[in-house]
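Take a moment to look over the chain from end to end. Then follow the path laid out below.

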Amino acid sequence: WLEQHSNQRDPLDGRFGPDGRLRAIPTKKAPRQAVLERIAGTLPPDRTWTEVELNGELRRFHDDVATLRREMVGQKLLVRTREGVYKRRVH
């Protein structure tokens, strides 16, 4: 009972299906940030991607890759160069 009613619950509970795909992109800031951080954490920090390559990686999690990509850049989880190359930002 305590785990179900605690305010210390994991904000990602129920966000991902058993296949690892995101059920929906959260609209609230804190859960969205947690989801984006989890997805970014799956990307190797020492690699760069073209937009097409990154889309392929993000499609594993959700079909709306443009929103994921834009939000991850906006949250400074990814860096995008003028040439359209993406790299995971390591804090």
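What follows goes from the overall layout to the sheet, the core, the helices and a few residues in the loops.

The model shown here is predicted. Start with the overall layout. The chain has four helices and three strands. Their order along the sequence is α-α-β-α-α-β-β. The chain has 91 residues, and 32% of them count as buried. Its accessible surface comes to about 6,300 Å². Carbon and sulfur atoms hold 49% of that surface. Now consider contacts between residues with a separation of 6 or more in the chain. Of these, 48% link residues 24 or more positions apart.

Next, the strands. In what order do the three strands of the sheet stand? The order is β1-β3-β2, in an open sheet with antiparallel pairing. β1 and β2 are at the edges with a single partner strand each, so one side of each has no neighbour in the sheet. Look at the pairing of β1 with β3. These strands run antiparallel, and two bridges join them. W49 has Y86 of β3 as its bridge partner.

Now turn to the core. In soluble globular proteins, nonpolar side chains tend to be buried together. Here the largest nonpolar core has 19 residues. F16, I39, L54, L58 and M72 have the most contacts inside it. Helices α2, α3 and α4 each supply at least two residues of this core. Which helix gives the most? It is α2, with five residues.

Helix α3 spans residues 51-58. Which of its residues are buried? They are L54, N55 and L58. Their arc around the axis is only 105 degrees, which puts them on the same side of α3. Several elements cover these buried residues. Among them are the helices α2 (29-41) and α4 (65-74). The strands β1 (48-49), β2 (78-80) and β3 (86-88) are also included in the cover. Two of the buried residues, L54 and L58, were named above among those with the most contacts inside the core.

Helix α4 comes next. Its buried residues are V65, T67, L68, R69 and M72. The cover over them includes α2, α3, β2 and β3. Follow M72 outward. What does M72 touch, leaving out residues up to four places away in sequence? The list is L36, I39, A40, L43, L58, L77 and L78. I39 and L58 are, like M72, among the residues with the most contacts inside the core.

Move on to the loop after α4. Both Q75 and K76 lie in the loop between α4 and β2. K76 comes just after α4. Its phi is near 65 degrees, a positive value in a residue other than glycine. Is K76 buried or partly exposed? K76 is partly exposed, because its relative accessible area is 47% and the buried class ends under 20%.

Q75 has a partner far along the chain. Q75 and Q33 are 42 residues apart in sequence. In space, their C-alpha atoms are 7.8 Å apart. Beyond its neighbours within four places in sequence, Q75 is in contact with Q33 and L36. Q33 lies in helix α2. With residues up to four places away not counted, Q33 touches Q75 and L77. The two glutamines fall on opposite sides of a cut-off. Q33 is buried because its relative accessible area, 19%, is under 20%. Q75 stands at 29%, so Q75 counts as partly exposed.

Finish at the loop between α3 and α4, where R60 is found. At 43% relative accessibility, R60 is partly exposed. Which residues does R60 contact, apart from neighbours within four places in sequence? They are R21 and T42. R21 is 39 residues away from R60 along the chain, and the C-alpha atoms of the two are separated by 6.5 Å. The side chain of R60 also reaches the backbone oxygen of E57, at 3.2 Å.

Key: Residues are numbered from 1 along each chain as its sequence is written. This is a predicted model: local features need pLDDT of at least 70, side-chain atom pairs count only at pLDDT 80 or more; totals for chains, interfaces and linings use all residues. Side-chain values use heavy atoms; hydrogens and water are left out. Buried means under 20% relative accessible area, exposed over 50%, partly exposed in between (1.4 Å probe, protein chains only). The arc is that of the directions from the helix axis to the C-beta atoms. Contact means heavy atoms within 4.5 Å. A polar contact is a pair of N or O atoms within 3.5 Å; within protein, one must be able to donate a hydrogen and the other to accept it, and residues adjacent in sequence count only if both atoms are side-chain atoms. Two strands pair if DSSP finds at least two bridges between them. Accessible areas come from the Shrake-Rupley method with a 1.4 Å probe; for residues, only the protein chains shown count as cover. A nonpolar core is a set of buried Ala, Val, Leu, Ile, Met, Phe, Trp, Tyr and Cys residues joined through side-chain atoms within 4.5 Å.
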